[in-house]
Amino acid sequence: MNLNQLYYFNELVKQHQFSSAAKRLHISQPSLSNSIKTLEKELNCNLIDRRNGRVELTKYGQIFLESADSIILTLENAKHNINHTKQLKIIL
């Protein structure tokens, strides 16, 4: 598992479609699909239901989304704190 997979999964959940998510992530739809399939294989469960071109979370997907959101938020906060500290150093 890698951070890109977390970001990809998160965006897919927001967009509810592979094509829309892939476009927003600037990757191909097959790359996104393969990344999600690899993630599901690693976790040994289906995270999403694929129905008529739309994506819906499974119960496992909901559990994973909560953790993925938390990890992404923690990472984004760390980036923000680093940039803020850099700005303070420039000012001082």
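Is F9 buried or exposed? F9 counts as buried, because its relative accessibility is 0%. I will come back to that residue, but the overall layout comes first. Please keep in mind that this is a predicted model.

The protein chain has four helices and two strands. Read from the N terminus, the order is α-α-α-β-β-α. Helix α1 covers 3-15 and helix α2 covers 18-25. Helix α3 takes up 29-43. The two strands are β1 at 48-51 and β2 at 54-57. Helix α4 comprises residues 59-91.

Now the overall dimensions. The C-alpha trace spans about 55 × 25 × 20 Å along its principal axes. The radius of gyration is 16 Å, where a compact globule of 92 residues would have one near 12 Å. Of those 92 residues, 29% count as buried. The chain exposes about 6500 Å², and carbon and sulfur atoms supply 53% of that area.

On charge, there are 12 positive and 8 negative side chains. The centres of these two sets lie 6 Å apart.

As for contacts, take those with a separation of 6 or more. Residues 24 or more positions apart account for 49% of them. The rest of this talk goes through some individual residues.

Back to F9. A search of the whole structure finds one aromatic pair. It is formed by F9 and F64, with ring centres 5.2 Å apart and planes at 75°; an angle over 60 degrees counts as edge-to-face, so that is what this pair is. The pair links distant parts of the chain, since F9 is in helix α1 and F64 is in helix α4, 55 residues apart. What about the accessibility of F64? F64 also counts as buried, because its value of 12% is under the 20% cut-off.

The next residue along is N10, also in helix α1. Is N10 buried or exposed? N10 counts as buried, at 9% relative accessibility. Which residues does N10 touch, leaving out those up to four places away in sequence? They are L65, D69 and I72.

One of those, D69, has its place in helix α4. D69 is partly exposed, because its relative accessible area of 35% falls between the cut-offs of 20% and 50%. From D69 to L3 the sequence separation is 66 residues, and the C-alpha to C-alpha distance is 11 Å.

Moving to helix α2, that is where L25 lies. L25 is partly exposed, with a relative accessible area of 21%, so it falls just outside the buried class, which is under 20%. Neighbours within four places in sequence aside, L25 is in contact with Y7, Y8, E11 and L32. For a distance across the model, take L25 and T85: they are 60 residues apart in sequence, and their C-alpha atoms are 29 Å apart in space.

Now the loops, and two histidines. Most residues other than glycine have a negative phi. H16 has a positive one, near 65°. Where is H16? H16 lies in the loop between α1 and α2. With a relative accessible area of 27%, H16 is partly exposed.

The second histidine is H26, which has a positive phi of about 60° and is likewise not a glycine. H26 sits in the loop between α2 and α3. Is H26 buried or exposed? H26 counts as exposed, because its relative accessibility of 74% is over the 50% cut-off.

The last residue is G53, in the loop between β1 and β2. At 55% relative accessibility, G53 counts as exposed. Which residues does G53 touch, not counting those up to four places away in sequence? G53 touches H16 and Q17. G53 and Q17 are 36 residues apart in sequence, with a C-alpha to C-alpha distance of 6.4 Å. The loop between the two strands therefore comes back to H16, the residue with the positive phi near 65°.

Conventions. Residues numbered from 1 in each chain as written. Predicted model: local features only at pLDDT ≥ 70, side-chain atom pairs only at ≥ 80, totals over all residues. Heavy atoms only, no water. Buried < 20%, exposed > 50% of the residue type's maximum accessible area, 1.4 Å probe, protein only. Rg over C-alpha atoms; globule rule 2.2 N^0.38 Å. Contact = heavy atoms within 4.5 Å. Areas by Shrake-Rupley, 256 points an atom, 1.4 Å probe, with all protein chains shown as cover. Lys, Arg positive; Asp, Glu negative; His and termini not counted. Charge placed at Lys NZ, Arg CZ, Asp CG, Glu CD. Phe/Tyr/Trp six-rings, centres within 6.5 Å; stacked < 30°, edge-to-face > 60°.
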